[in-house]
Amino acid sequence: MIWYRARLERDLVRWQEKGFVTEAGAASIRNDLATTKTGLGAAGAFAILGAVLFGFAVMSFVAANWEGMSKLARMVLLFVTMWACYGGAAYLFQRSLARFANAAVLGGIAIYGASIMLIAQMYHMEGNPPDAVLLWALGALLTAFLVRSPPALAATFVLLVVWNTYERSLSETLHLAFVPVWALAALAAWMLRWRPGLHLAALSLVIWITPIGYLVFDRHAHWLVVVIGLLIAGATSFGAREIDARTGPISSAVFVYGIATAVAGLFILQFIDERQLPPATEAKGLLILVLLAGLTLAVLLATMVWGIHTGNTGAMWLAYAAFAGEIFTLYAKTFGNLLNTSLFFLVAAMIVSGLAWLAYRLHHRTAAPKMEGMA
C-alpha cells in the first residue's frame with residue numbers, strides 16, 4: 001500500500017502538470033486515499049505473528065508441565081486461556097482495534113486446536129487422526145463466520161489443506177469430503193468480500209486437484225488434471241462477462257488458476273511421473289515428450305496472447321514464468337544430451353524473437369484503426 005501511495009503521488013503531480021487533474025481533484029483523491037481502509041500493515045502483521053507465537057507458547061507450556069498437572073488443571077488452563085483470547089478480541093473490536101482483535105482471534109483458534117490434540121491424548125481417544133484437524137478447521141471456520149475475521153478464514157484454508165493432505169497420505173483416495181467443507185469456506189470468503197480469501201480458496205482447490213492423477217485410473221490420470229484446468233480456463237475466458245456480472249470481477253483470477261492447474265498436470269506428465277512414459281532416451285519416449293512439450297508451450301503462448309488481449313497481468317506473468325521453467329526443465333532433461341548448448345539457446349531465442357515480432361505487428365495492426373478513428 002505504501003508503494004501504491006508513493007506511485008499515485010508521483011502520478012498526481014505529473015497529471016496536474018499536464019492538466020489532466022485539477023488541484024481540487026488531486027486534493028480530493030488524496031483525501032479519499034487517506035480515509036480508505038488499508039491492508040494488514042506492519043502493526044497487524046506483527047500482532048498476528050505474536051498471536052501465533054503465543055499459541056505455541058501455551059502449547060509448549062502445557063506439554064512441558066503435562067505430567068505434573070491434574071486433568072482438571074489442564075482443562076481449566078486450556079479453557080481459560082482460549083476464552084481469554086476471545087474475550088480480549090471482543091474488547092479490542094469494541095475499541096475499533098480490528099487488527100489486534102483479529103490477532104487475538106487467531107490466538108484463540110491456535111489454543112482451540114491445541115486443546116483438541118491435548119485432550120485427545122489425555123483421555124486416550126483413538127480414531128482417525130485427520131478428523132482432529134478437520135474439527136480444528138471447522139472451529140476456525142465457525143469463528144470466521146461469527147466475528148467476520150479474515151485471519152480466522154485464512155487459518156481455515158491452511159487447516160483444510162493440512163487435513164486433506166493428512167487424509168490422503170493415510171487413505172490414498174480422492175477424498176471427496178474435502179469439497180463440501182471447502183465450499184463452505186469459499187462461501188465465507190465471498191460473504192466477507194475478502195479478495196485474498198478468494199485467492200486462498202482457489203489455491204487450496206488447485207492443491208486438491210493437482211494430485212488427482214495419482215489417485216484414480218491406476219494412478220496415471222494426470223491428463224485428467226490437464227483437462228480440468230483447461231475446462232476451468234476455457235469457461236472463465238468465454239463466460240467472463242456473465243461470471244463477473246453475477247459474482248464480481250473474479251474471472252481473470254479464476255482463468256489464471258485454471259491455467260496453473262493445467263500446466264501443473266502437464267509438468268507432472270513430462271517430468272515427474274516417468275512411469276507412464278517411455279524413457280526420453282528412446283525414440284518413442286522422446287517423441288511423446290516433444291509432443292507434450294509442444295502442447296505445454298502452445299497453452300502458455302495462448303495464455304500470453306489472451307493475457308495481452310484482456311489486460312490480465314496475472315496470466316502473462318504465469319505464462320512467462322511457466323515458459324521459462326518449461327524450457328529450462330526440457331533442456332536439463334533432454335536437450336543437454338542431444339544438442340549443443342549454444343545451438344539450443346539460439347533456436348529458443350529465435351522462436352521467442354519471432355513471437356515478439358509477431359506480437360509487435362499485431363499490436364500495430366490493431367492500433368492503426370484506432371488512430372484513424374481518432375483522426
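**Figure 1. Overall fold of the protein chain in the predicted model.** Contacts between residues 24 or more positions apart make up 61% of those in the protein chain with a separation of 6 or more. The secondary structure consists of 15 helices and zero strands. The protein chain has 375 residues, of which 36% count as buried. Its exposed area is about 22100 Å², and carbon and sulfur atoms supply 71% of this area.

**Figure 2. Close-up of the largest nonpolar core.** This core has 40 residues, and those with the most contacts inside it are Ile-109, Leu-153, Leu-160 and Trp-163. At least two residues of the core come from each of helix 4 (71-94), helix 5, helix 6, helix 7 (150-171), helix 8 and helix 9 (195-209). A second, separate core has 13 residues, among them Phe-255, Ile-259, Val-299 and Met-304. In soluble globular proteins, nonpolar side chains tend to be buried together.

**Figure 3. Surroundings of Trp-163.** When neighbours within four places in sequence are left aside, Trp-163 is in contact with Pro-130, Val-133 and Leu-134, and also with His-175, Ala-177, Phe-178 and Val-181. Trp-163 is also one of the residues with the most contacts inside the largest nonpolar core.

**Figure 4. Environment of Asn-102 in helix 5.** Helix 5 spans residues 98-122 and contains Asn-102. Asn-102 counts as buried because its relative accessibility is 11%, and the cut-off for burial is under 20%. The side chain of Asn-102 is joined to that of Ser-149 by a polar contact of 2.8 Å. Not counting residues up to four places away in sequence, Asn-102 touches Ser-149 together with Phe-93, Pro-150 and Pro-151.

**Figure 5. Nonpolar patch on the surface.** The patch covers about 800 Å² and is made by Phe-93, Leu-142, Phe-145, Leu-146, Val-147, Leu-184, Leu-187, Trp-190 and Met-191. Helix 6 (129-147) and helix 8 (178-192) are the elements that give two or more residues to this patch. Phe-93, a member of the patch, is also one of the residues touched by Asn-102.

**Figure 6. Close-up of Met-191 in helix 8.** Met-191 belongs to the nonpolar surface patch and has its place in helix 8. With a relative accessible area of 36%, Met-191 is partly exposed, because this class lies between the limits of under 20% for buried and over 50% for exposed. Helix 8 gives two or more residues to the patch and also supplies at least two residues of the largest nonpolar core.

Conventions:
Residues numbered from 1 in each chain as written. Predicted model: local features only at pLDDT ≥ 70, side-chain atom pairs only at ≥ 80, totals over all residues. Heavy atoms only, no water. Helix = DSSP H or I, 4+ residues; strand = E, 2+ residues; numbered from the N terminus. Buried < 20%, exposed > 50% of the residue type's maximum accessible area, 1.4 Å probe, protein only. Polar contact = N/O pair within 3.5 Å; in protein donor to acceptor, adjacent residues only side chain to side chain. Contact = heavy atoms within 4.5 Å. Patch = residues over 30% accessible without salt bridge, like charges linked within 9 Å, V, L, I, M, F, W, Y side chains within 5 Å. Areas by Shrake-Rupley, 256 points an atom, 1.4 Å probe, with all protein chains shown as cover. Salt bridge = Lys/Arg side-chain N within 4 Å of Asp/Glu carboxyl O. Core = buried A, V, L, I, M, F, W, Y, C linked by side-chain atoms within 4.5 Å.
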